[in-house]
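You asked for a short reading of this model. My notes are below the display, as numbered points.

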Amino acid sequence: MRSAAHGPFYPDREFGTLFGFTRKEIQALVDQWPDIDDSDEETYAAISNAMNNLIIYPIDNPHLWSDYISVSQSDVARIFSLWRGRVPTDPLDGMF
């Protein structure tokens, strides 16, 4: 979520549409980490949207990925699947 809020991955004009939250709202959750309740509907949506967008949103500068995120996109997809309680298969399966 920190990478979503501060990374170069999403233009400001699209951020709210992609996330359903402002950058400030995402940052507020980041500031609470790890003391957040992901069973809260809004918190769940923010985490889900951040991970999903990191997986599927076209990144203009993929060489910047490792400057902001320490694992690969496929690892993010695997972690996202596990967090959602699914057994990971295809990294894009069910992400849309």
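The points start with the overall fold and then go through individual helices, residues and the main pocket.

1. Status and overall make-up. This is a predicted model, and every value below is computed from it. The secondary structure consists of six helices and zero strands, so the order of elements from the N terminus reads α-α-α-α-α-α. The protein has 96 residues, and 34% of them count as buried.

2. Contacts and surface. Among contacts with a separation of 6 or more, 49% are between residues 24 or more positions apart. The accessible surface is about 6,000 Å², and carbon and sulfur atoms hold 51% of that area.

3. Helix H3. This helix covers residues 23-32, and its buried residues are Ile26, Gln27, Leu29 and Val30. Viewed down the axis of H3, these buried residues fall within an arc of 155°, so they line one face of the helix. Lys24 and Asp31, on the other side of H3, are exposed. The cover over the buried residues of H3 includes helix H1 (2-6), helix H2 (12-19) and helix H4 (41-56).

4. Methionine 1. This residue sits in the segment before H1. Leaving aside residues up to four places away in sequence, methionine 1 touches Ile26, Leu29, Val30, Ala46, Ile47 and Ala50. Three of the buried residues of H3, namely Ile26, Leu29 and Val30, are thus in the contact list of methionine 1. Gln27 of H3 is also worth a look here: its C-alpha atom is separated by 7.7 Å from that of methionine 1, although the two are 26 residues apart along the chain.

5. Serine 3. Is serine 3, a residue of helix H1, buried or exposed? Its relative accessibility is 12%, and the limit for buried is under 20%, so serine 3 counts as buried. The side chain of serine 3 reaches the backbone oxygen of tyrosine 68 at 2.7 Å. Not counting residues up to four places away in sequence, serine 3 touches Phe9, Tyr68 and Ile69.

6. The loop between H3 and H4. Proline 34 is found in this loop. The peptide bond that joins tryptophan 33 to proline 34 is cis, with omega about 5°. When you inspect the model, tryptophan 33 also comes up in the next point, as one of the residues nearest the centre of the largest pocket.

7. The largest pocket. Its volume is about 410 Å³. The lining is made of 15 residues, and those nearest the centre are Met1, Arg2, Trp33, Met51 and Leu54. Elements that give two or more residues to this lining are H1, H4 and helix H6 (73-83). H4 gives the most, with four residues.

8. Helix H6. Which residues of H6 are buried? They are Val76, Ala77, Phe80 and Ser81. These residues cover an arc of only 135° around the axis, which puts them on the same side of H6. What covers them includes H4 and helix H5 (65-68). Just after H6, glycine 85 has a positive phi of about 85°.

9. Points to look at together. H4 appears in the cover over the buried residues of H3, in the cover over those of H6, and in the lining of the largest pocket. Methionine 1 likewise appears twice, in contact with residues including Ile26 and Ala46 and among the residues nearest the pocket centre.

Notes: Residues numbered from 1 in each chain as written. Predicted model: local features only at pLDDT ≥ 70, side-chain atom pairs only at ≥ 80, totals over all residues. Heavy atoms only, no water. Buried < 20%, exposed > 50% of the residue type's maximum accessible area, 1.4 Å probe, protein only. Arc of directions from axis to C-beta. Contact = heavy atoms within 4.5 Å. Polar contact = N/O pair within 3.5 Å; in protein donor to acceptor, adjacent residues only side chain to side chain. Areas by Shrake-Rupley, 256 points an atom, 1.4 Å probe, with all protein chains shown as cover. 1 Å grid on protein atoms, 1.4 Å probe; cavity = no way out; pocket = protein on both sides within 12 Å on 5 of 7 lines; lining within 4 Å. Points joined across faces, edges and corners; volume = space filled by probe spheres on them.
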